[in-house]
2 protein chains.
Amino acid sequence: MDPQFVRFDNVTAFTLAEGVEGRPLFGDRAMLNLIDFSAGATVPAHSHPHEQIGIVLRGMQALVIDGVSHELGPMEGYVLPGNVEHSAYCGPEGATVIDVFSPVREDYRERCEGSGSTGE
Amino acid sequence: MDPQFVRFDNVTAFTLAEGVEGRPLFGDRAMLNLIDFSAGATVPAHSHPHEQIGIVLRGMQALVIDGVSHELGPMEGYVLPGNVEHSAYCGPEGATVIDVFSPVREDYRERCEGSGSTGE
């Protein structure tokens, strides 16, 4: 892979859940996903074997794990090991967050290739 | 590893280069580093086998690869494969950027453990 440079505004968004859109940047070993939650949007409980690391840039995103809500504001972050079931919700103003996955979410890549998302 | 939650303000910063400080969040497979460049700070040319993915949050960060400067503003990102030599500089207002590495930069972990950085 050659170095890649992207402007996220030019990356085609894909829908993660109703009102939750992601703009991905894929490496070989890891990927970054710039996510925008519309006001009040939620992500249903799910799990995946991929490690997930995140940081909130704007608004509030809560991760719910084992029935406990972890509400995160700007410049708060988390690490979720693989296979930990989690759901998410955001505050009334929505949220902008970055998720990092390792390994790459090939399910995301397939959805993005289907939609023609390639960056700049 | 259990899920981790951190407030980056509470993470002890370590010095990457003069005027360049990082606040790391370590997973098992990947890590995130929240980096603050002081005005005019630079990172000398270096390379590492780790894949690096980044996004600029504030200001301008330039990556110099093979003598070519790639100037990145807010919400612009990049992927650098491992072993690609690069240096960096920022604009007069400094910059805030997120770097992601996979695998984990164990050299960073050792420096942080030495300084007692553990998150919240």
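How many helices and strands does chain A have? Let's take a walk through this predicted model and find out.

## The overall build

Chain A has one helix and nine strands. Starting at the N terminus, the strands come one after another and the helix closes the run: β-β-β-β-β-β-β-β-β-α. The radius of gyration of chain A is 14 Å, close to the 14 Å that the globule rule gives for 120 residues, so chain A is as compact as a globular protein of that length.

If you boxed up the C-alpha trace of chain A along its principal axes, the box would span about 40 × 30 × 25 Å. Of the 120 residues in chain A, 39% count as buried. Now think about who touches whom along the chain. Take the contacts in chain A between residues at least 6 apart in sequence: 68% of them join residues at least 24 apart.

## Two copies, one axis

There is a chain B too. What turn lays chain B on chain A? A turn of 180°, with a shift of 0.0 Å along the axis, does the job with an RMSD of 0.0 Å. That is the relation of a two-fold axis.

The contact between the chains takes 32 residues from chain B and 32 residues from chain A. On the chain B side, the elements that give two or more residues are β1 (4-7), β6 (51-65), β7 (68-72), β8 (76-80) and β9 (86-102). Sort that side of chain B by class and you get 21 nonpolar, five polar and six charged residues. Also, 100% of the interface residues of chain B are interface residues in chain A, so the copies meet through the same surface.

## A strand pair across the chains

Let's zoom in on one spot where the chains meet. Strand β1 (residues 4-7) of chain A pairs with β8(B) in the antiparallel sense, over four bridges. Which residue of β8(B) is the bridge partner of Phe5(A)? That would be Tyr78(B). Arg7(A) has a bridge partner in β8(B) as well, namely Glu76(B).

β8(B) also has a partner in its own chain: four bridges join β6(B) to β8(B), and these two strands run antiparallel. Here Gln52(B) stands opposite Leu80(B).

Is β8(B) enclosed or open? Five of its five residues are buried, so β8(B) is largely enclosed by the rest of the structure. Its residues split into two sets by direction: Glu76(B), Tyr78(B) and Leu80(B) point one way, while Gly77(B) and Val79(B) point the other way, and all are buried.

## The nonpolar core

The largest nonpolar core has 58 residues. Which of them touch the most other members? They are Leu32(A), Ile98(A) and Val100(A), along with Leu32(B), Ile98(B) and Val100(B).

Take Leu32(B) as an example. Leaving out residues up to four places away in sequence, Leu32(B) touches Ile53(A), Ile55(A), Gly77(A) and Val100(A) from chain A, plus Leu25(B), Ile98(B) and Val100(B) from chain B.

## Hairpins in chain A

Back in chain A, follow strand β3 (residues 20-26), which has a partner on either end of the story. Strand β2 (residues 14-17) and β3(A) pair in the antiparallel sense over three bridges, with Thr15(A) opposite Glu21(A). The hairpin of β2(A) and β3(A) has two residues between the strands, and there Gly19(A) takes a positive phi near 80°.

The next hairpin joins β3(A) to β4(A) through four residues. β3(A) and strand β4 (residues 31-37) are antiparallel too, and seven bridges link them; one pair to look for is Gly22(A) opposite Ile35(A). Six of the seven residues of β3(A) are buried, so this strand is largely enclosed by the rest of the structure.

## A closer look at Val56(A)

Val56(A) lies in strand β6 (residues 51-65) of chain A. Is Val56(A) buried or exposed? It has 24 C-beta neighbours inside 10 Å, and 20 or more makes a residue buried, so Val56(A) counts as buried.

Setting aside neighbours within four places in sequence, Val56(A) is in contact with Gln61(A), Leu72(A), Gly73(A), Pro74(A), Glu76(A), Ala95(A) and Val97(A). For Gly27(A), the gap to Val56(A) is 29 residues in sequence and 21 Å in space, C-alpha to C-alpha.

Methods
Residues numbered from 1 in each chain as written. Chains lettered and ligands numbered in written order. Predicted model: local features only at pLDDT ≥ 70, side-chain atom pairs only at ≥ 80, totals over all residues. Rg over C-alpha atoms; globule rule 2.2 N^0.38 Å. Buried ≥ 20, exposed ≤ 12 C-beta atoms within 10 Å, placed from the backbone. Contact = placed C-beta atoms within 7 Å. Nonpolar A, V, L, I, M, F, W, Y, C, P; charged D, E, K, R; others polar. Pairing = 2+ DSSP bridges. Core = buried A, V, L, I, M, F, W, Y, C linked by C-beta atoms within 7 Å. Least-squares fit on C-alpha atoms with pLDDT ≥ 70 in both.
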